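This report goes through one helix pair, the chain it belongs to and the contact with a second chain. The sequence and structure come first.

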Amino acid sequence: MKTSKFLAWLAIAIGVIYFFIPLLGTFEFSLRMRRGEYSLDAYGSVFSDVQFQQTFGFSILMALFTIVFGMLLVVPTAYWVRLRLPQMRPVLEFITLMPLVIPAIVIVFGYLRLYNSSSYIPFTGSIFGTNVLLVMSYITLSLPYMYRSVDTAMRTIDVRTLTEAAEILGAKWPTILFRCIFPNVMSGVLSGAFITFAIVIGEFTMASLLDRPAFGPYLQLVGANKAYEPSALAIIAFAITWLSMGLLQLVSRFSKLAPSKA
Amino acid sequence: MSFLVLDSIKKSFGQTQVVKDFHMAIEKGEFVSFLGPSGCGKTTILRMIAGFETPSDGVISIAGKNQNGLKTSQRNIGMVFQAYALFPNMSVFDNVAFGLKVAGQPKSEIEKRVKEMLKLIHLEHLADRYPYQLSGGQQQRVALARALAPKPQVLLLDEPLSALDAKIRVSLREEIRQIQRQLGITTVFVTHDQEEALSISDRIVVMNAGRADQIGTPSDIYNRPATRFVASFVGTLNIIDAIVEDPAANTIRIGENVIKLREPIGALKGGDQVSIALRPEAGSLNESATGDTALTGKVVSSQFLGSVVRTRFEVGGNQISFDMFNAPDKILPQLGETVTLRFAASDLLLIKD
C-alpha cells in the first residue's frame, strides 16, 4: 500500500517536473530582457506592440463569433437529434469527430479549393468573406468539443418531457428552445465556449493560410524575429488558456450546485 | 353531447397497432381512469388527446371541436407528467406562471392566478424555491398547479403518482381528486395501479392489448368484470375451472360440488368447460354463515397477513383463496383440514374470454 502510494506520488512529481520546468524556464527567460537583472520589459514590449493589440483583438472577435454561431448551430442540432432523431446520434458523433482526425491543413486546403475567388461561392474574394470563412473553419475545429459539452449537458435533463410540458402550456419552438432548454444546458454551452476560445486564440494554420491577421500567425512571426518576446507571448498564451480552463471549472462547479434533473 | 369524445381511434407504430378502434365519450367534469398493464395503449391514447401523437384513424373532439388538426399548443389542455417535468431553471412561481406568460396575460393577472393556484396546493410559502429544493410530492403538486393555471378544458394525468412513495401517493391522490371536484375539470388519469384507479375515478377504462376490455364505474369493474383479463387484473380473483353439469338447470360442477349459477350459462352443453370467478373476500368459513352456495375442500395453506388471514383450499383441482379479517381470538384453519366456504350464488361470475 505504502509502495503504491510512493509510486503514485513519484509519477505525479515526474509529470509536474516534465510540465513545469520548461514553463519555468520560458518564464525565467522572458524576464531576462534587461541585461543583468530580471524585468518585465519583454511583456511591456509585447503589450505596447500595435500588432499584438490588433491581432489579439482580431482573434478575440473571431472567437466570439465562433462561439455565438457555433452554439446557434450546435444547440438546436443536439436538441433536435435528442428529441426527434435519436437514431442519428452515432452519425452526428462521427461527423463532429472528423475535425480531430482530419488535419487542419487538409481542411483549409479544401476550403481554398471550394471557396476561392473564382469558385461559385467566392468567400476568399473579399476580406469580409475570408473572415466569414475563417469563423466557419473555427466552428469546424471546435465542433468536437462544442457538441460533446452541449450533448452532455442535455443528457442531464429530460429534454423530451420538458419540451412536451412547455408545448402543452402553449409555448412555441423559440420559447421552448430559449426559455426552457437553453438555460438548462448553459453549463455545457459555457464549457464549450471556453474551450472554443482557447482553441481559436492560439490557432495558426487556418488563419495563416487564409492570410488573416490573427494572434496565431503573430506568435509565429514574433518567434522568428525576436528573442525574449516569444517567451513572454508563450506565457501570455498559457495564461489565457488557463484562465479559460479556470472559468470552465468554475462554471462546472456552479452547475453542480444548481438542479440538473427535470 | 359528451365533452371529450374519442371516436374510432386507431394508432399504429410501423406494423404494430397499439390502439385498436377505441370509442369513448367522457362527460364534462368527469374523472376517468385508464387502467392497464404496460404496453396496453393507455398512455398512447392520452398522448393523442394531448396532441403529442397523431391518430392513424378516428376523431378526437373536445366540446364539439375536432382536435385532429390542432397542434398541442393550440388545444388548451393541462398535463401532469410522471417525471414532474418542472423547468429546473425557474422558481415555483415562474413554473406556475409559465403558461400564463406564454398566453400573454397581464402581469397583475398572472400574479393573482399563480397565488390562487399555490394556495390551492398549499405551497404559497414555497413560491421562491427551485424544483431541486422540493420533495417529489411537492414537485408534483407544483406540476398540478402549473397545469391548472391557464384554466385548461381538460386535465391529463400521466401516472403522476408512480414516482412517489406509498404514503405520499395516497395523500396526493386524494388531494388531486378533491381539487378536480372543486374545479369541476374533466380529467383523464392514466395508471397501472388498480387501487389508485378504483379509489378516485368516476369511471374506469380497463385497457388490454389496445382495446377497452371494459368501461364502467369502479364498483362495476371490481364486482362485475366483463372479461377474464379484467377479472384477473383488477383485484385478486379466484378463477375456477368448472364443468357444465346441466344447462337446463343452470348448474356447474367443481370437483364434488354442484352449484347453481344465477347467471344464465347460455349456449353451453353439458360437459363443456367453463370458467367462473370468485372474489377472495366473498363468503365465510363460519358454519353459521348465510349463503345459498357452498364449496368444500382441503386446506393447503394458511397465511397471516396482518389485517387479514388468507386461506387456500383445494376444490376439484382448483386452489381457491379466501380472505377473512384478523381478530385476536381467531383460530387459523390447519393444513389438511376440510373447510366449507359459504357464499351467495350471485358472488360467482361467469367469465367470458
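## The α7–α8 crossing

In chain A, helices α7(A) and α8(A) cross with a right-handed sense. The model is a predicted one. Helix α7 of chain A covers residues 159-168, and helix α8 of chain A covers residues 173-181. Their axes come within 10 Å, and the crossing angle is roughly 120°. The pair is therefore oblique, since an angle of roughly 120° is above the 65 to 115 range for roughly perpendicular helices and is not over 145, the bound for roughly antiparallel ones.

On the α7(A) side, the residues that meet α8(A) are V159(A), L162(A), T163(A), A166(A) and E167(A). The α8(A) side supplies T175(A), I176(A), C180(A) and I181(A). By class, the residues of this contact comprise six nonpolar, two polar and one charged. The charged one is E167(A) in α7(A), while T163(A) in α7(A) and T175(A) in α8(A) are the polar ones.

## Chain A as a whole

Chain A contains 12 helices and zero strands. Its pattern along the sequence is accordingly written as α-α-α-α-α-α-α-α-α-α-α-α. The C-alpha trace of chain A spans about 75 × 70 × 30 Å along its principal axes.

Of the 262 residues in chain A, 36% are buried. Among contacts in chain A with a sequence separation of 6 or more, 74% are between residues 24 or more positions apart.

## The annotated span

An unreviewed UniProt entry lists residues 56-251 of chain A as "domain: ABC transmembrane type-1". In the model, this span is 80% helix and 0% strand. The C-alpha atoms at its two ends are 25 Å apart. Both helices of the pair described above, at residues 159-168 and 173-181, fall inside the listed range of 56-251.

## Contact with chain B

How many residues of chain A are in contact with chain B? There are 19 on the chain A side, and they touch 22 residues of chain B. Helices α7 and α8 of chain A each contribute at least two residues to the chain A side. The helix that gives the most is α7(A), with six residues.

Sorted by class, the side of chain A that touches chain B holds 10 nonpolar, five polar and four charged residues. Helix α7(A) thus appears in two settings: it meets α8(A) within the chain, and it supplies six residues to the side facing chain B.

Conventions
Residues numbered from 1 in each chain as written. Chains lettered and ligands numbered in written order. Predicted model: local features only at pLDDT ≥ 70, side-chain atom pairs only at ≥ 80, totals over all residues. Helix = DSSP H or I, 4+ residues; strand = E, 2+ residues; numbered from the N terminus. Buried ≥ 20, exposed ≤ 12 C-beta atoms within 10 Å, placed from the backbone. Contact = placed C-beta atoms within 7 Å. Axes fitted to C-alpha atoms, helices over the stretch in contact; angles between N-to-C directions. Parallel < 35°, antiparallel > 145°, perpendicular 65-115°, else oblique. Left-handed = near helix turned anticlockwise from the far one by under 90°. UniProt positions renumbered as here; feature names shortened; annotations may be inferred.
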